[in-house]
Amino acid sequence: MGAATELELPQGKVIRIVGPARVEVVKGKLLIVGSKYPTGSSFVVHRLRSYSAKALEHTKLRLTLGGEAKVEEVNPSDEVVDAWLSIAEQLIPNCYSSPCRILVVGPPESGKTTMAAFLANYSRETGLRVAVIEGDVGQEDLLVPATVALAEVNKPILWLRELEPLSFRFVGCISPQYCFTESILAIKDLVDEAAARGFNVVIINTDGWVGSPSAIEHKLTLARWIKPTHIVTLSEELFEVFSRCFGNLCKVIRAPRPPAPRERSREERRELRAQAYRKYVGRGRVRNLKLSNLSILSSGALTGRSVSLDEVRRRFNLTDDVVKNLLYASKVLDTYYLIWRGDPAPLKDFNLGTGVRLLRAECLEGLLVGILDCGMKDVSVGVLVSVDFNTGNIGVQTPWEGEVCGLILGRVKLSESLEEVGGVRCSQ
Ligand SMILES: Nc1ncnc2c1ncn2[C@@H]1O[C@H](COP(=O)(O)OP(=O)(O)OP(=O)(O)O)[C@@H](O)[C@H]1O
Ligand SMILES: [Mg+2]
């Protein structure tokens with residue numbers, strides 16, 4: 001970061017801060033993401049984030065800017081800070097008399113996460129007990145991608161990454177369209193848990209998958225089951241859809257989106273996910289578990305009735321040179337699951353029929369898994385590092401040291417350096 005500079009703002013002045021930046025309030029009071037930072041306080045804006053901030057009184061800031069960071073004065077009428085503040089001022093007082101469940105929906109980069117943090121900070125500063133549920137499986141900022149998590153907001157935050165999760169549910173994929181049902185159920189389960197924990201305000205942030213009929217169905221179904229008291233929409237189209245569908249059932253609010261967001265590229269999003277996997281799974285050790293002692297909550301190769309390789313060879317008239325690459329076989333109903341080492345192309349010469357699913361052993365290694373204790377509680381996340389079908393041993397890297405009774409196989413595959421591996425054709 002560069003040398004510190006000072007900036008004086010008259011009351012009412014709005015600035016836009018693009019990270020990486022450290023901001024100290026030398027004198028006065030600054031509103032940023034719904035929190036009021038008084039004299040002597042400070043915050044850091046991450047290099048991939050930008051925010052608008054408003055001087056609530058004459059304010060002097062000390063700024064330390066790094067890389068591409070900048071701070072610019074903007075016209076308050078071009079910025080969202082006043083509109084968002086007025087939404088919070090109207091909405092949050094309702095949560096004193098009965099608990100609020102606030103669902104935030106919007107397109108990608110429309111400010112959903114920032115709005116969730118804004119409402120959370122604002123509520124906390126009015127004395128309410130606030131929880132946030134990060135329901136975006138692709139950018140789960142509270143724990144690791146492919147989960148959804150719940151955290152109490154017990155300090156001012158700019159980004160949900162600054163919070164410690166209280167609880168989470170493993171969903172298993174990073175795009176809600178591939179785990180439509182699980183993503184809804186997982187969020188619903190956390191909303192119920194937050195209610196049981198007695199929070200006055202529960203803010204539910206969502207992913208940005210809203211651009212197709214099935215995406216809209218996903219968000220409407222989510223809303224139908226979590227029964228929000230308020231839905232904050234960050235686009236005109238979503239405001240219309242939600243007003244039509246939920247207008248008689250809860251309060252639907254239209255919020256403007258930030259005019260100049262710091263957009264993140266696909267690579268930057270992947271890198272943020274890799275950081276999260278490393279931070280969580282990377283600090284764990286490899287635990288050696290016995291397949292026979294585990295419940296695997298996924299239909300398929302590892303849960304079928306084990307079938308001898310000889311039976312498979314006879315059933316499909318396989319030759320010995322082909323069978324040597326077959327590691328394991330199982331059967332669920334009439335379907336055979338064959339686990340194969342290497343390229344399964346030679347199998348194409350045999351008439352296997354439709355009741356056979358091939359899975360490359362390489363596809364199991366690196367798979368993200370959810371870990372359940374014996375009460376079926378989601379206790380951790382890990383990475384499957386090895387499966388030995390001869391010994392029935394399975395290695396899972398995880399920071400979890402407690403009992404492991406069940407595993408949920410996810411659909412995300414990670415490399416040894418805990419980066420997502422795409423483009424591997426795993427089943428055919
Ligand atoms: N008022 C603002 N002015 C400029 N940039 C902002 C403002 N508010 C938020 N941003 C930035 O805009 C970007 C998008 O915001 P945010 O992450 O809240 O949106 P989102 O809808 O949750 O995005 P995603 O679809 O990636 O989940 C972020 O980089 C955020 O720091
Ligand atoms: Mg977001």
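Helices and strands here are DSSP runs, numbered from the N terminus; a helix needs at least four residues and a strand at least two. The model is predicted.

**Exercise 1. Place ligand 1.**

Task: Find which elements and which domains build the shell around ligand 1.

Solution.
- Step 1. Start with the elements. β7 (50-55) and α2 (112-125) each give at least two residues to the shell around ligand 1.
- Step 2. Pick out the nearest residues. The shell counts 22 residues, and R49, T113, T114, P258 and P261 come nearest to ligand 1.
- Step 3. Sort the shell by class. Nine residues are polar, seven are charged and six are nonpolar.
- Step 4. Assign domains. Domain 1 (4-78) and domain 2 (81-264) both contribute to the shell, so ligand 1 lies between them.

**Exercise 2. Describe the overall build.**

Task: Summarise the protein's secondary structure, extent, burial and domains.

Solution.
- Step 1. Count the elements. There are nine helices and 26 strands.
- Step 2. Take the extent. The C-alpha trace spans about 85 × 55 × 40 Å along its principal axes.
- Step 3. Check burial. The protein has 428 residues, of which 41% count as buried.
- Step 4. Look at contact range. Take contacts with a separation of 6 or more: residues 24 or more positions apart make up 65% of them.
- Step 5. Split the chain. The division gives domain 1 (4-78), domain 2 (81-264) and domain 3 (305-358). Between the C-alpha centres of domain 1 and domain 3 the distance is 63 Å.

**Exercise 3. Analyse β7.**

Task: Is β7 mostly covered or mostly open, and which strands pair with it?

Solution.
- Step 1. Test burial. A residue is buried if 20 or more other C-beta atoms lie within 10 Å of its own. In β7, six of six residues pass, and the strand is mostly covered.
- Step 2. Separate the faces. In a regular strand, side chains alternate between the two faces of the sheet. S50, S52 and K54 point one way from β7; Y51, A53 and A55 point the other way. Residues of both sets are buried.
- Step 3. Take the β2 partner. β2 (residues 14-18) runs antiparallel to β7, with five bridges joining them. Here I17 stands opposite Y51.
- Step 4. Take the β4 partner. β4 (residues 29-32) pairs with β7 over three bridges, also in the antiparallel sense. L31 faces K54 across this pairing.

**Exercise 4. Locate the nonpolar cores.**

Task: Which residues have the most contacts inside the largest nonpolar core, and where does this core lie?

Solution.
- Step 1. Identify the core. The largest has 108 residues, and A131, V132, I133, I187, I203 and I204 have the most contacts inside it.
- Step 2. Find the main contributor. α2 supplies the largest share of this core, with seven residues.
- Step 3. Place it. Domain 1 (4-78) and domain 2 (81-264) both give residues to this core, so it lies between them.
- Step 4. Follow one residue. Leaving out residues up to four places away in sequence, V132 touches A116, A120, A151, V153, L160, I203 and N205.
- Step 5. Note the second core. It is separate, has 14 residues, and includes A301, A329, Y336 and W340.

**Exercise 5. Read the six-stranded sheet.**

Task: Give the strand order of the open six-stranded sheet and explain why two strands have a side without a neighbour.

Solution.
- Step 1. Write the order. It is β17-β25-β24-β23-β26-β18, with mixed pairing.
- Step 2. Look at the edges. β17 (285-290) and β18 (295-296) each have a single partner strand, so one side of each lacks a neighbour in the sheet.
- Step 3. Examine one pair. β23 (residues 367-372) and β26 (residues 406-413) run antiparallel and share five bridges. In this pair V369 stands opposite L409.

Definitions and conventions
Residues are numbered from 1 along each chain as its sequence is written. Chains are lettered from A and ligands numbered from 1 in the order in which they are written. This is a predicted model: local features need pLDDT of at least 70, side-chain atom pairs count only at pLDDT 80 or more; totals for chains, interfaces and linings use all residues. A residue is near a molecule or strand if its C-beta atom, placed from the backbone, lies within 6 Å of it. Ala, Val, Leu, Ile, Met, Phe, Trp, Tyr, Cys and Pro count as nonpolar, Asp, Glu, Lys and Arg as charged, and the others, Gly among them, as polar. Domain bounds come from an automatic or database domain assignment. A residue is buried if 20 or more other C-beta atoms lie within 10 Å of its own, exposed if 12 or fewer, and partly exposed in between; C-beta atoms are placed from the backbone. Two residues are in contact if their C-beta atoms, placed from the backbone, lie within 7 Å. A nonpolar core is a set of buried Ala, Val, Leu, Ile, Met, Phe, Trp, Tyr and Cys residues joined through C-beta atoms within 7 Å. Two strands pair if DSSP finds at least two bridges between them.
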